[in-house]
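Colleague: I have just opened this entry and would like to learn how to read it. Could you walk me through it?

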Amino acid sequence: MNAAFLYQLLFLLPLLTAAVIACFLRTKHNLAANFSVLSGLIFSAIALFLIYVRPEGDWSVTWLTLGGSFELKFGVLFNDLSALMLLVLIIVGFLVQVFSLGYMKDDLGKARFFAGLSIFMFAMLGIVLADNLVMIFIFWELVGFSSYVLINHYFDKPSAVSASKKAFIVNRIGDFGFLLGILFVYWQFGTFDLVELEERARLSPGYLSTGMALLLFCGVIGKSAQMPLHVWLPDAMEGPTPISALIHAATMVAAGIYFSARVYFLMLPGMEVIMWVGTITAVFAAVVAFGQNDIKKILAFSTLSQLGYMVAALGLGAASSLQRHGEHAVISTGAAVAMYHLTTHAFFKALLFLGSGSVIHACHHEQDIYKMGGLYGEMKITSITFGIGVLAIGGFPFLAGFFSKDSILHLAHESDFNLVSYLLFGTTALTGLYMGRLFVVTFFGKPRSAHAERAKENGPAIVLPLVILGILSVIGGYEWFFGHTFEAVIGAIPNAEGPFKMLMIITGLLFSVGGLIVGWLVWNPSKDSDTLENVAPGLFKALVAKLYFDSIYDWYVKKVQDRGALILGFLDQLFITGLMVRGTAEIIGLMGIVSRSLHGGNIGGYVYWFAIGVVVLGAIAFGVL
Amino acid sequence: MNYPQLFLTTLPELIVVLGMFVALGFDYTKYKELDPQTRSNKVAALSTIALMLGLAGVVWQFLQVTDGSKTFSNSFNGQVVLTPLTLWFKGLIFVLALFVVQFAKTDVPNKHVSEYFGLILLSTLGMGFLITAQNLIMLFVSIELISLSLYGLTAFQTDKKFSVEAGIKYFTIGGVSSAFLLFGLSYLFGATNELSFEGITAAITSGAAPQNYVLIASAFLVVGLGFKIAAAPFHLWAPDTYQCGPVPVAAWVASGSKIASFFLLVQLFGPVLETSEQKETLIAGIVLVSVLSMVLGNIGALRQSCVKRLLAYSSIAHAGYILIGLVAANEDGSISVLFYAVIYSLATLGAFATIGIIDSRLGREAQIDDFNGTWKQNPGLSILFMIFILSLAGIPPLSGFFGKFYLFMAAIGSQPEIASWSEGFYWLVAVALLMSAVSLFYYVKVLKAFLVSADTPKLPSIQITKAEGAGLLLLAVLVVYLGIYPTGLVEFIAASLG
């Protein structure tokens, strides 16, 4: 089978699905949903074939040729890294589509939702496979667009509308730097092509610079919601829960990590900053998670925290003492570890989000954990799979999350940055604790609302993806799970041995199980209100306000930016609109009147014009003019 | 004469001629009792079939030629030259004619339906022959075939005084320009003693032909062909013809006839401009025409309230833009001219067709005000119209943007080493850019009426026929597609020219 054909098919399938739904199936909701899932199935099958069989050949077409020398290509760069990301995309993507069949069953905008999902799959595929920076940027914006559309799914809710706008605008801020970074790269290296870039960066490392790395990292800060542009992700939970699982936990927000891993060689000079940004985000988000009562918001902050881990891992790879072992293997160490955690995180975080979706669906869209409780009795499968997710994210030994977190902490331990190591280590304890709080309060005690009392386990479309993701959260960290298909990534992960390994197992056990136990003791599920709120109301209030980032941004926009805009608006009215635009328009308008009056509709006049033209051309021909 | 060869070479045209004769018969057979609309549907269906069969013939020829088989080696002294490029453009003409027939059938100007479609088919033939002609005789005959059919079509709305008047004006000025063209052609023949383009080019570039005769001939040819492409100052027929003739005819004049004429310009002038000793003088003349067209066209359009007339002025401006590619006088220039001719005709055909649909439902000529709030009742039609207009205005990522980009780049690239902005064609491109900015004003004014205006819609919800809808959609898709992926067509043209 020809690979080029398969790539084309892969790109076309979700795009055509979205187009067909948008054009013909807007009101035929069930047909649209089934069509979308069927197309997703074929999509996944082709992708699996590409990942495991790796047929010969690649695909690249010249998209635009501008001015003779400048060529823009549209092509595919397929290697172990993109194969791994593609695997994550199709597993989570397909399970979320199946889950949505149940979750969105009675939704009035079901067809629109599935069209949006298809657009997202198309856009994400573009980021995963793109072989040049411009293509990545285009699809980068496209995932931003689809995320906007899907957050905005309940567009009659003002909070959803403003959340979608916020996500879009905050991302645009990051993307501005990202675009500058891409142009910077082109300016220095004269190409957008990833393979050529790697070659040229290797031959002339002098062209690399911290500024370039950090500009590119701006895009990552926006898309992967790192400090200080993290504010959009918690709000994005206004979207339907399957979307939160797919886009805002497993794949799109991880695109920044994937991109960094893909162009690791360009980011090297900025790695220390990157490490710190990741570490601070990890700690910050874990702390704020304690102040949230919305089940999805807690998971959103946990996602932020885990993304922080991945970004920190990227940075640590360069800073780690493991670097001394040999140039090439180590350059990708951080990227490999980050991708490893990205993969396992995709499994258990999608599991947690879909589990929360199952709970929310059963509780008639109640999202406050203090209005749930006692769900374990009626929703056994959801509870057990959710529990597996909680243990996996807490780093319970030999579950998926354990291995990947283990390798990040190992990197931190080997690095010269002890503070980073301690912070990341401490955050693990916090992770166990807030997840323990979430689990205990949601599923145990007695029901705290009428909805929670009547909650029943959901149907197979919802439960089946949970079970599959539960299994993946258990086995998804072992080397045999990956086989040799992703050798370039998985093979580069350093393994902890000896006492450090033992330490990891013990602490993993301690933090995950301990988190549950302490969670039970502190946030006793039989209570109706939050313990922290009762003990330290001031701190709790600050945490509820997410440590005032939103308020500061609001203040800035209202007090600084709006006033600046007012002044600029006045100047615009006066000079640009008034003098230049109106003035020019009036002059040209006058000319229009003159030229119209010369064209009176009289055929004699026409012939004069004609004759004048002939005379002038004749003058030129005879050299008079 | 090799008759089997001749038959195969002109097969598509023969099919269309046959179709035309059958179409003409409709007014005289038992069908003459039927009401005009029913007859129109029947004749349109017949014309569609004929054009489709003709198109199939063209495609077959195209496949044969690209295969490299020797079926069409004989070009009859350049009278019918079949290459991948000429066949592609001939195919495009047939496709455009198909669209025009679909748009024409709902509102036939008078009861002589057969003649209406017969003339459309005849002009299609003329355009097809003009594209494949590389011989002066054939050139003149096909231009006259096109012109005479279009004069008739313009005056076809016999119940409207202005339609007839526009036809007569078109005919008068056309007659004058034909005289210039024929005079120029005869000088060219006199100077080179050759009829085929190949021989003429060889004679001019080798210096065998007396240069000043060639120059006079070229000046006359610019006048004659300037009339065909509605370039200023030979443009004055265009606003009347576009506004007062039947709208599908205006669309046809602005699209098919334009493509054929620009194709001829590139074929005839391209090699001469690249090599002739007098190229400086020739280029100066064409630059003058180009600047005049851009300025008069765009400024004339600013104050128009009738949308068809506005589009007519915009077409004059576009002729000016396209000539920039010609004065670049290199291969990039020729490529950009052909590319722009294609995308311009697609967008303008779509825009005219939309106006035609609205006009016919409104029962009168639509003014810009009539479109106020159309968006609310007819969102689909408004979006399609927006695509056409924005492409004409040259907004990325629609094809109009890349068309202009290639034209301007070709002009700038034609003289790579220059000292200041006033040399080379920087100033010409600057004028073009300025005029494009001016053009945005009137394009956006029309769009504003469609999309933004808060007035209650004047137009009721418009029912469009399936054929019209499909035609508009297909045109819009092509306009968008050629914007997103222009490289395919550009590379094809480049490969076929080289």
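Modeller: Happily; we will go from the contact between chains to salt bridges, and then to single residues. Please keep in mind that this is a predicted model.

Colleague: Let me begin with the two chains. How many residues does each chain give to the contact?

Modeller: A contact can be read from both sides. Here chain B contributes 39 residues and chain A contributes 26 residues. Together the two chains bury about 3100 Å², and 76% of that is on carbon and sulfur atoms. On the side of chain B, the trio B:Leu236, B:Ile299 and B:Arg303 supplies 20% of the area buried against chain A, more than any other three residues.

Colleague: How many salt bridges and how many polar contacts cross between the chains?

Modeller: Let us take the idea before the count. Side chains of opposite charge can pair when their charged atoms come close. Across the interface of chain B and chain A, the count is 0 salt bridges. For polar contacts between chain B and chain A, there are 2 residue pairs, both at pLDDT 80 or more.

Colleague: Which elements of chain B touch chain A with two or more residues?

Modeller: Among them are helix H7 (161–192), helix H9 (211–228) and helix H12 (279–302) of chain B. The largest share of this side of chain B comes from H12(B), with 9 residues. Sorted by class, the side of chain B that touches chain A has 27 nonpolar, 7 polar and 5 charged residues.

Colleague: How many salt bridges does the structure hold over all chains?

Modeller: The total over all chains is 17 salt bridges. A good one to look up is the pair A:Glu141 and A:Arg172, at 2.6 Å from N to O. This pair links distant parts of the chain, since A:Glu141 sits in helix H5 (residues 133–151) of chain A and A:Arg172 in helix H6 (residues 158–189) of chain A, 31 residues apart.

Colleague: Is A:Glu141 buried or partly exposed?

Modeller: A:Glu141 counts as buried because its relative accessibility is 19%, and the cut-off for buried is under 20%. Its partner A:Arg172 counts as partly exposed, at 32%.

Colleague: Where do A:Lys501 and A:Asp406 sit along the chain?

Modeller: They form another salt bridge, with the closest N and O atoms 3.7 Å apart. A:Lys501 is in helix H24 (residues 498–522) of chain A and A:Asp406 is in helix H18 (residues 400–414) of chain A, 95 residues apart. A:Lys501 is partly exposed, with a relative accessible area of 25%, whereas A:Asp406 is buried, at 5%. Salt bridges can also share partners: in chain B, B:Glu165, B:Lys169, B:Asp240 and B:Arg309 are joined that way into one network.

Colleague: And the domains: how far apart do the C-alpha centres of domain 1 and domain 2 of chain A lie?

Modeller: The centres are 56 Å apart. Domain 1 of chain A covers 3–289 + 296–544, and domain 2 covers 564–621.

Colleague: Now a single residue, please. What does A:Leu125 touch?

Modeller: For a residue like this, look past its sequence neighbours. Not counting residues up to four places away, A:Leu125 touches A:Leu10, A:Phe11, A:Phe43, A:Leu86 and A:Leu89. A:Leu125 lies in helix H4 (residues 110–129) of chain A and counts as buried, at 0% relative accessibility. The C-alpha atoms of A:Leu125 and A:Leu10 are separated by 8.3 Å, although the two are 115 residues apart along the chain.

Colleague: What does the side chain of B:Ser149 reach?

Modeller: The side chain of B:Ser149 reaches the backbone oxygen of B:Leu145, at 2.5 Å. B:Ser149 is in helix H6 (residues 136–154) of chain B and is buried, with a relative accessible area of 3%.

Colleague: Last of all, the backbone. Which residues does a cis peptide bond join, with omega about 0°?

Modeller: Those are B:Ala232 and B:Pro233, and B:Pro233 lies in the loop between H9 and H10 of chain B. The bond from B:Pro396 to B:Pro397 is cis as well, with omega near 5°. For phi, look at A:Arg54, which is not a glycine yet has a positive value of about 50°. A:Arg54 lies in the loop between helix H2 (29–53) and strand S1 (60–66) of chain A.

Notes: Residues numbered from 1 in each chain as written. Chains lettered and ligands numbered in written order. Predicted model: local features only at pLDDT ≥ 70, side-chain atom pairs only at ≥ 80, totals over all residues. Heavy atoms only, no water. Contact = heavy atoms within 4.5 Å. Buried area = accessible area lost by both parts, 1.4 Å probe. Salt bridge = Lys/Arg side-chain N within 4 Å of Asp/Glu carboxyl O. Polar contact = N/O pair within 3.5 Å; in protein donor to acceptor, adjacent residues only side chain to side chain. Helix = DSSP H or I, 4+ residues; strand = E, 2+ residues; numbered from the N terminus. Nonpolar A, V, L, I, M, F, W, Y, C, P; charged D, E, K, R; others polar. Buried < 20%, exposed > 50% of the residue type's maximum accessible area, 1.4 Å probe, protein only. Domains from an automatic or database assignment.
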